[in-house]
Amino acid sequence: MPAYDFKTLSPLDFESLVRDLLQEELKITLESFKPGRDSGIDFRYAASVRNMLVVQAKHFVGSGFDKLISHLVKDELPKVKLLNPERYLIATSVPLSPLQKEKIVVAMDSTIKSPTDIFGCDDLNNLLGKFPRVEEQTFKLWFSSVAVLEKLLH
């Protein structure tokens, strides 16, 4: 399994990586939107108005769990409550423990149905292992991976 910390990625690069990994994992095509204020939606899959999946990517590398959960509660929770999606996913570059995922679920006031709807750093690395094509497409990851660089050279 790869072991990236995602520090070589900009917030926009991180969002693209999350989109590509989740599209592979969920076997759907997510809508992408322009950078900037997003009303709580980085990506969306809307089979219908009532059956909407919303994804929020949070690149808080180096910030830690406390900053992440504070931001989610203060800034994202009001937006997701207004959106009221059927399913809400969060992906973050912050490494998370099972207890931290549970704390996010509780703090997000039932907008997240399950800890499995939260993808921390290790979950994203696991998905990169499952979908090596995404790793190969994300060239900025290569800067920190000797294995990928050697694979590409040979």
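Colleague: Is Val-61 buried, partly exposed or exposed?
Modeller: In this predicted model, Val-61 lies in the loop between β3 (52-58) and α2 (65-83). Its relative accessible area is 27%. Buried means under 20% and exposed means over 50%, so Val-61, at 27%, is partly exposed.

Colleague: Which residues does Val-61 touch, leaving out those up to four places away in sequence?
Modeller: Leu-82 is 21 residues from Val-61 in sequence and 27 Å from it in space, C-alpha to C-alpha. Contact means heavy atoms within 4.5 Å. By that cut-off, and without residues up to four places away in sequence, Val-61 touches Asp-5, Lys-7 and Ser-93.

Colleague: In what order do the strands of the sheet stand?
Modeller: Strands of a sheet pair through backbone hydrogen bonds, either parallel or antiparallel. Here five strands form an open sheet, and the pairing is mixed. The edge strands, β1 (31-32) and β5, each pair on one side only. The order is β1-β2-β3-β4-β5.

Colleague: Which residue of β4 is the bridge partner of Val-55?
Modeller: The strands β3 and β4 run parallel and are joined by six bridges. For Leu-53, the bridge partner in β4 is Arg-87. For Val-55, the partner in β4 is Leu-89.

Colleague: Which residue of β5 stands opposite Ala-91?
Modeller: β4 also runs parallel to strand β5 (residues 118-119), and two bridges join them. Opposite Ala-91 in β5 stands Phe-119.

Colleague: What is the handedness of the crossover from β4 to β5?
Modeller: The unit made by β3, α2 and β4 is a β-α-β unit, and it is right-handed. From β4 the chain crosses through helix α3 (residues 98-107) to β5. This β-α-β crossover is right-handed.

Colleague: How many of the six residues of β4 are buried?
Modeller: Strand β4 covers residues 87-92 and is mostly covered. Of its six residues, the number buried is five.

Colleague: Is the pair of Phe-6 and Phe-14 stacked, tilted or edge-to-face?
Modeller: The structure holds two aromatic pairs. In one of them, the rings of Tyr-4 and Phe-6 have centres 6.3 Å apart and planes at 40°, so that pair is tilted. The rings of Phe-6 and Phe-14 have centres 5.9 Å apart and planes at 65°. Planes over 60 degrees apart count as edge-to-face, so the pair of Phe-6 and Phe-14 is edge-to-face.

Colleague: Is Phe-14 buried or exposed?
Modeller: Tyr-4, Phe-6 and Phe-14 form one aromatic cluster. Within this cluster, both Tyr-4 and Phe-6 are buried, Phe-6 at 1% relative accessibility. The value for Phe-14 is 0%. Because buried means under 20%, Phe-14 counts as buried.

Colleague: Which element gives the most residues to the largest nonpolar core?
Modeller: In soluble globular proteins, nonpolar side chains tend to be buried together. The largest nonpolar core here has 24 residues, and Phe-6 and Val-18 have the most contacts inside it. The elements that give it two or more residues are α1 (11-26), β3, β4 and α4. With five residues, the element that gives the most to this core is α1.

Colleague: How many residues does the second, separate core have?
Modeller: Val-18, not counting residues up to four places away in sequence, touches Phe-43, Val-55, Ala-57, Ala-91 and Leu-124. The second core is separate, and Met-52, Leu-68, Leu-72 and Ile-90 are among its members. Its number of residues is 19.

Colleague: Within what arc do the buried residues of α4 fall, seen down the axis?
Modeller: The buried residues of helix α4 (residues 121-130) are Cys-121, Leu-124, Asn-125, Leu-127 and Leu-128. They line one face of the helix, because their directions, seen down the axis, fall within an arc of 160°.

Colleague: Which residues is Asn-125 in contact with, leaving aside neighbours within four places in sequence?
Modeller: Asn-125 has its place in helix α4. At 2% relative accessibility, Asn-125 counts as buried. Leaving aside neighbours within four places in sequence, its contacts are Met-1, Pro-2, Ala-3, Tyr-4 and Phe-6.

Methods
Residues are numbered from 1 along each chain as its sequence is written. This is a predicted model: local features need pLDDT of at least 70, side-chain atom pairs count only at pLDDT 80 or more; totals for chains, interfaces and linings use all residues. Side-chain values use heavy atoms; hydrogens and water are left out. Helices (H or I, at least four residues) and strands (E, at least two) are DSSP runs, numbered from the N terminus. Buried means under 20% relative accessible area, exposed over 50%, partly exposed in between (1.4 Å probe, protein chains only). Rings of Phe, Tyr and Trp (its six-membered ring) pair if their centres lie within 6.5 Å; planes under 30 degrees apart count as stacked, over 60 as edge-to-face and the rest as tilted. The arc is that of the directions from the helix axis to the C-beta atoms. Two strands pair if DSSP finds at least two bridges between them. A crossover is right-handed if, with the strands pointing away from the viewer, the path from the first strand over the helix to the second runs clockwise. A nonpolar core is a set of buried Ala, Val, Leu, Ile, Met, Phe, Trp, Tyr and Cys residues joined through side-chain atoms within 4.5 Å.
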